[in-house]
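Student: I'm new to this one, and I'd like a close look at a single part rather than a tour of everything. Could you pick one helix and walk me through what surrounds it?

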Amino acid sequence: RDPSARRPGGLHTLLGAAGRPVPRPGVGPAGEALFGALRTAAGAAPLLVCVDDVHRWDAASRAALGHAAARVHTAGVPAALLLTVPGHRPVDRELAGLPVLRLGPLAPADAARLADEATDGAVHPAVREELMTAAEGNPALLLAVIHRLSPDQLGGRRALPRPRVDA
């Protein structure tokens, strides 16, 4: 199979978004290219780069990302990288030197506030409680369940689907 026909890796996508070419393979050149792109993009204003599901990136891209994130921190560049991986997985070795923040589930009051905000207050309190219980504090899951419901279901005028949470 032609290697150029493969889907571009995460590094290629991130550098492309910054208008930078992808350098030859290798952690140093690729990591430095990404670091340079982040430093330029930050300029004098703070920059936040969020990379969700970084465990799905190819190993070379994860290594370059880890290198660039470490350089941003030590060089004092006004940029931060927020990288997410599932909590049940060990951190990939390419990212092992980065600080880890484990996020727990939303507290009930925060989940209730999120449900109210997502529905402009239209969710019936009993429905909100059922949805919060089903989502178990997971904000993305709570929002997904809310968004699939009709106004009548949210308002408690129609039965909620069973199961509340599906695949």
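Tutor: Let's take helix α4 and start with its inward-looking side: Ala-111, Ala-112 and Ala-115 are its buried residues, where buried means under 20% relative accessible area, exposed over 50% and partly exposed in between, using a 1.4 Å probe and protein chains only. Looking down the axis of α4, those buried residues fall within an arc of 100°, so they line one face of the helix; the arc is taken from the directions from the helix axis to the C-beta atoms. There's a general reason for patterns like this: an α-helix has 3.6 residues a turn, so residues three or four places apart point the same way.

Before we go on, a word on what you're looking at. This is a predicted model, in which local features need pLDDT of at least 70 and side-chain atom pairs count only at pLDDT 80 or more, while totals for chains, interfaces and linings use all residues. Residues are numbered from 1 along each chain as its sequence is written, and side-chain values use heavy atoms, with hydrogens and water left out. As for the names, helices (H or I, at least four residues) and strands (E, at least two) are DSSP runs, numbered from the N terminus.

Back to α4, which covers residues 108–118. On the face turned away from its buried side sit Ala-109 and Glu-117, both exposed. The buried residues, meanwhile, pack against α5 and α6, with contact meaning heavy atoms within 4.5 Å.

Now follow the chain out of the helix. In the loop between α4 and α5 you'll meet Thr-119, which is buried, with a relative accessible area of 9%. The side chain of Thr-119 reaches back to the backbone oxygen of Ala-115 at 2.9 Å, and Ala-115 is one of the buried residues we began with. That pair is a polar contact: N or O atoms within 3.5 Å, where within protein one must be able to donate a hydrogen and the other to accept it, and residues adjacent in sequence count only if both atoms are side-chain atoms. Leaving aside neighbours within four places in sequence, Thr-119 is also in contact with Ile-146 and Leu-154. α4 is followed by Asp-120 too, whose phi is positive, near 55°.

That brings us to the partner helix, α5, residues 125–135. Its buried residues are Val-127, Arg-128, Leu-131, Met-132 and Ala-135. Seen down the axis of α5, they fall within an arc of 135°, so they too line one face of their helix. What covers them includes α4, α6 and α7, and after α5 comes Glu-136, with a positive phi near 50°.

Last stop: α7, residues 151–154, where you'll find Gln-153. Gln-153 is buried, with a relative accessible area of 10%. A polar atom of the Gln-153 side chain lies 3.1 Å from the backbone oxygen of Ala-159. Not counting residues up to four places away in sequence, Gln-153 touches Val-127, Arg-148, Arg-158, Ala-159, Leu-160 and Pro-161. Val-127 should ring a bell, as it's one of the buried residues of α5.

So here's the picture to keep: the buried side of α4 packs against α5 and α6, and α4 is itself among the elements covering the buried residues of α5.
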